[in-house]
Every structure is written in structure tokens, then in C-alpha cells.
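Trainee: Hi, have you got a few minutes to go through a model with me? I'd like to ask about a few spots as we go.
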Amino acid sequence: MASETPDFTIGIEEEYLLVDRETLALAVAPTGLMEACKSELEDQVSPEFLQCQIEIGTHVCASVGAARDDLRKLRASVARQADAFGLAPIAASCHPFSAWRDQHHTNKERYNDLRRDLGGVARRLLISGMHVHIGLPDPEDRIDVMNQLTYFLPHLLAMSASSPFWQGEDSGLASYRLTIFDNLPRTGLPPKFWSWSEYQRSVDAIVDIGLIEDASKIWWDLRPSARFPTIEARICDVSPRMEDTLTLAALVQSLTRFLWRLKGQNRRWRVYDNFLLAENRWHAMRYGMSNGLIDLGQRRLVPFEVLVEEMIGLVAEDAEALGCLAEVERARKIVAGGNSADRQRQVFRDSIEAEAPIDEALRDVVRHLIGEFHADL
């Protein structure tokens, strides 16, 4: 008998940075802010590793449309509550100028343990990301799809890149965030596993030794969730614009359904060695969408607009079945208008050309990010 088609439910987690509305530097989340957010949003909001961060998570949603409604509520609530304390959230993976040395981690058992276990590496984690969960009840399907979906992770990163600045300087990268995150153990592209039992044996090996307590301490770019029957894409920078977040989430959902559907046709996407996939990952980190990506089948760099058209064509049937074809096709708008890293750099250049000092140009970038956070609400 053919396998029953999963629902491919979707959940989105985002991490925001909090800035002072006057200085535009990072600011500590006051206890009152977290209490107000908790009162309104309950367990959908929580403090993050650093005191200047806040994390939100949608409910399990049946569609991208439902996720939009939930995410809009969450973003609007955090923005409203933060404003009452003279703060504003930004959804960018690095703050343009605030220094990591000035930030402190949240006094919570989980984060205290993380700080102890990771040593000085943890102090530099002034980064925010976006995670997308897609429901896949069968654990064997989760492993099978993970092996194939890894090919598309650089494409998602390139579109989401929002961290060009670090400590007040242009890093030269579209996504500087991953250079920080990759210093942690158990990060980067997921290894290849050929069954759920093989994956579980590998996880159990380091759990049994006592190196980690469970699979939640595995932070690959894509992983089977440690808490839910989902596959979790973690490659993306967080997007300033909510609609960009939803486009990326729709692509993850549609790609998951597409790759799952291939199995029923006795087909699959070609699985490449991580050595080759890592080259594309680096290319996306460095250039975003501006220099294309490697088509590993053709063995050449292909313009990103061509790759996006091919990806839309691959998943159109699945996106239509999931009710998110409009969001998937909106990827063309991201390519045409640039990712957040492109827009931040343009704001900075415009300010410098208007003879603003560098410090003020960086503050203009933060003002831009505040505006983008509110744009789709």
C-alpha cells in the first residue's frame, strides 16, 4: 500500500534583538517586558541566550497562511510591548555595531550550562536565527528527506542573509552569523545517515558518554527535531521582513513535500558529499545571491535567478497542494530586490554619500531594520 500523505504541518521560530529607540544600540530586555510578553503570548515567547534577545515560536500550523496569522500576532505583540519600555525589536542576525563584549547571557539554568560547557565561544554568540519545522511523522522519512534537502540549504541561506555587519564594520560576507555559530560543536551541514537507527545510535553514543544530555544539543543546519516529529531547517538568517520569513518557510515546506513525494515514484534527489555542499554553503555566506551558486549536476556557477526559477518549477505542484504557491513564487521578489544584507549595505552607502559619519550611517541601518520589522504587520 502507498504511504499515507503527511500533513506537512509548519512551525516557525524566530530570534529578535532588542535595541534602544534613542541610541539604537542593543539593550537588555527588562523583566517587566518579558512578563508582559509572557502574559499575552504565554509559552510562545521566551528569553534567549543573551539578555538583549527574545525568541518567539508559532503554534503548529496547518498552512503557511495560518503561520502568517500567528507570526503577525507574535511580532506585533513583541513590538508593542517593547515600545512601552523605549525599545524596538529587529529581526537581523547580527547587530550592525553593538559589541559582543558588552552583552551578558540570561541567568537561566539551561543558558548557564551552555556558557559553562562552551567557554569563551559562547560569549560571542551575538547572533539570531530562524528555524522552520515541517511535520513528518515517520522517522525514516525524516532521515531520507534530510539527506536530500541538504542540497538546497545554501539556496535558503543566500536568500535569507541578513548579517553583513559585525562590530561596526562590513564583514564582507552576506551572512557573518554562521562564522560565529560554526565555532560551536555539532554545527554545520548534517552528516549522512541511511536510517533512523543509524542516526539514533550515533546520538546515543555521545549521550551515553555524557557529553550532551540529548539531541537538542545537536545544532546542524538541518536536523530531526529533538522534541517534535519534524524536520527542522536551521540554516537561515532571521529575516527583517515577515513576508520574507514566510517565503523561506514555504520553500522549506514545499521542498519537503517534493522530496517525500519522489520516494513514492521510486526516485530521489541526488545526494552529494558534504565537501561539495560546503563549497556552496560558503559561497552563499560570502556572496548571498549576487554571485550565483554551484549547480553540482552541471558543475558550473549558475545565476541565482535561474536557480530560483528551477526551484519554483520543481515544487510548484507541491506548493499548490499546500496552499503556498504565492509565497513560493514571491522568491522572485527577493531575488529582484536583494536580500537583507544587500538592503542594509545600500542604506549604509546612501548615508555615507549624504556625508553622514560612519557611526550615524550604522544607526541609519538600525533605523531601517526597525522599519522593516514593522512593514508587514
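Mentor: Happy to; we can talk through cysteines, a helix and some loop residues in this predicted model.

Trainee: Great, cysteines to begin with. How many disulfides are there?

Mentor: The count comes to 0 disulfides.

Trainee: Why does Cys94 have no bond?

Mentor: Because the closest cysteine sulfur, in Cys52, is 11 Å from the sulfur of Cys94, which is too far. A disulfide needs the two sulfur atoms within 2.5 Å.

Trainee: And what about Cys324, where is its closest cysteine sulfur?

Mentor: That one is in Cys61, 13 Å from the sulfur of Cys324, so again too far for a bond.

Trainee: Are those two buried or exposed, Cys94 and Cys324?

Mentor: Cys94 is buried at 1% relative accessibility, and Cys324 is buried with a relative accessible area of 0%.

Trainee: Changing topic: helix H10. How far apart are its end C-alpha atoms?

Mentor: They are 19 Å apart, and that agrees with the 20 Å that 14 residues should span at 1.5 Å a residue. The helix covers residues 274-287.

Trainee: What happens at its two ends?

Mentor: At the start of H10, a side-chain oxygen of Asp273 comes to within 2.8 Å of the backbone nitrogen of Phe275. Just after H10, Gly288 has a positive phi of about 65°.

Trainee: Which residues of H10 are buried, and what do they pack against?

Mentor: The buried ones are Leu277, Asn280, Arg281, His283, Ala284 and Met285. They pack against helices H6 (153-160) and H7 (177-181), as well as strands S8 (187-188), S12 and S13 (300-302).

Trainee: S12 is where Asp295 sits, right? What is the nearest side chain of opposite charge to Asp295?

Mentor: Asp295 is indeed in S12, residues 293-295. The nearest opposite charge is Arg300, 6.6 Å away, and Asp295 is buried yet has no salt bridge.

Trainee: So what does the Asp295 side chain have as a polar partner?

Mentor: A polar atom of the Asp295 side chain lies 2.9 Å from the backbone nitrogen of Gln298. Beyond its neighbours within four places in sequence, Asp295 is in contact with Tyr151, Arg300, Val302 and Glu310.

Trainee: Last thing: what is the phi of Arg299 and of Asn266?

Mentor: Phi is near 60° for Arg299 and near 55° for Asn266, positive values in residues other than glycine. Arg299 is in the loop between S12 and S13 and is exposed at 74% relative accessible area. Asn266 is in the loop between helix H9 (242-264) and H10, and is exposed at 78%.

Methods:
Residues numbered from 1 in each chain as written. Predicted model: local features only at pLDDT ≥ 70, side-chain atom pairs only at ≥ 80, totals over all residues. Heavy atoms only, no water. Buried < 20%, exposed > 50% of the residue type's maximum accessible area, 1.4 Å probe, protein only. Helix = DSSP H or I, 4+ residues; strand = E, 2+ residues; numbered from the N terminus. Lys, Arg positive; Asp, Glu negative; His and termini not counted. Salt bridge = Lys/Arg side-chain N within 4 Å of Asp/Glu carboxyl O. Polar contact = N/O pair within 3.5 Å; in protein donor to acceptor, adjacent residues only side chain to side chain. Contact = heavy atoms within 4.5 Å. Expected span 1.5 Å × (residues − 1).
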